[in-house]
Amino acid sequence: MKNTFLLALMLCIGLTALAQNSKFAVTYTLTVDATGEEGEMMAMMMQGATMTLASDGTSTYMKNSMGSMGDQEVLINMDTKEMTMLMTGMMGDMAFQGKSDDLGEETPNTGKVTLVNETKKILGIKCKKAILQDAEGETSVFWYTEKIKLPKNSKNMPNELPGLALEMIISTAGVDMTYTATDLKENISMKDYTITIPEGVEVQPLDALMDMGGKQ
């Protein structure tokens, strides 16, 4: 289960460090294809999970609803460099909060991005195709719209994408995770995307979050 936790944690943190001018909220639905015992277990646990991203250029909110694995919520303020995370589910309720100068720093890509002359519509929006081949030879596919600017420092969306991905087919270690947008809102208010920490849940520092990932 260690790799399952780390993958979920990577997605949760890697897709949250966003900063852009557009105000939007997009909800994705996840389908998982996997091989191997652990991969098949993860597919069974996460099939049909959803992910919501919302940003107004200063604050970014993300919620991963991962079926039997529980929910993860993250809220980042790029001005104050503060992040709040709430995790609920099979591991119990945990909250983390703190500041990090790394938030918002540009992360270089470690792979080759190829823009492909193919299009398809997602939510009625014309999307173009891009293929990423990383240093390990894994291939991921992104269908992006130029209607919305690409979030900065989004580790699962290559910097070279000319717009926000409305579908992501991320391949790693025999697991194909396809996130497809099922709802898109623009000109949103971040007042609708906040985190409420349940009474009695201890708020731990961000360092404890990373330590926990390494000990699973």
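This is a short talk on the fold, the nonpolar cores and two buried residues of one protein model.

Okay, hi everyone. Before anything else, keep in mind that we're looking at a predicted model. So what's it built from? The protein has three helices and 12 strands. Of its 216 residues, 45% are buried. The surface comes to about 10,600 Å² exposed, and carbon and sulfur atoms supply 47% of that.

For those of you who like contact maps: take the contacts between residues at least 6 apart in sequence, and 56% of them join residues at least 24 apart.

Now, the inside. How many residues does the largest nonpolar core have? The count is 35. If you want to click on the ones with the most contacts inside that core, they're Val26, Tyr28, Met157, Leu161, Leu164, Leu166 and Met168. Several strands feed this core with at least two residues each: E1 (24–34) and E2 (50–55), then E7 (111–122), E8 (125–134) and E9 (139–145), and finally E10 (164–172) and E11 (175–186). There's also another core lying apart from that one, with 11 residues, including Ile76, Met78, Met83 and Met94.

Let me zoom in on two residues, starting with Thr145. You'll find Thr145 in strand E9. Is Thr145 buried or exposed? Its relative accessible area is just 2%, and the cut-off for buried is under 20%, so Thr145 is buried. Leaving out residues up to four places away in sequence, Thr145 touches Ile125, Lys126 and Cys127, along with Gly163, Leu164 and Leu166. Two of those names, Leu164 and Leu166, you just heard on the list for the largest core. As for polar partners, the Thr145 side chain reaches the backbone nitrogen of Lys147 at 3.0 Å.

The second one is Ser171, over in strand E10. Why does Ser171 count as buried? Because its relative accessibility is 14%, and buried means under 20%. What does the side chain of Ser171 make a polar contact with? That would be the side chain of Asp176, at 2.6 Å. Asp176 also shows up among the residues that Ser171 touches, together with Glu138, Thr139 and Ser140, again skipping anything up to four places away in sequence. And one distance for your notes: Ser171 and Val141 sit 30 residues apart in sequence, with 8.6 Å between their C-alpha atoms.

So, to recap the two: Thr145 is in strand E9, Ser171 is in strand E10, and each of these strands supplies at least two residues of the largest core. That's it from me, thanks.

Note on methods: Residues numbered from 1 in each chain as written. Predicted model: local features only at pLDDT ≥ 70, side-chain atom pairs only at ≥ 80, totals over all residues. Heavy atoms only, no water. Helix = DSSP H or I, 4+ residues; strand = E, 2+ residues; numbered from the N terminus. Buried < 20%, exposed > 50% of the residue type's maximum accessible area, 1.4 Å probe, protein only. Contact = heavy atoms within 4.5 Å. Areas by Shrake-Rupley, 256 points an atom, 1.4 Å probe, with all protein chains shown as cover. Core = buried A, V, L, I, M, F, W, Y, C linked by side-chain atoms within 4.5 Å. Polar contact = N/O pair within 3.5 Å; in protein donor to acceptor, adjacent residues only side chain to side chain.
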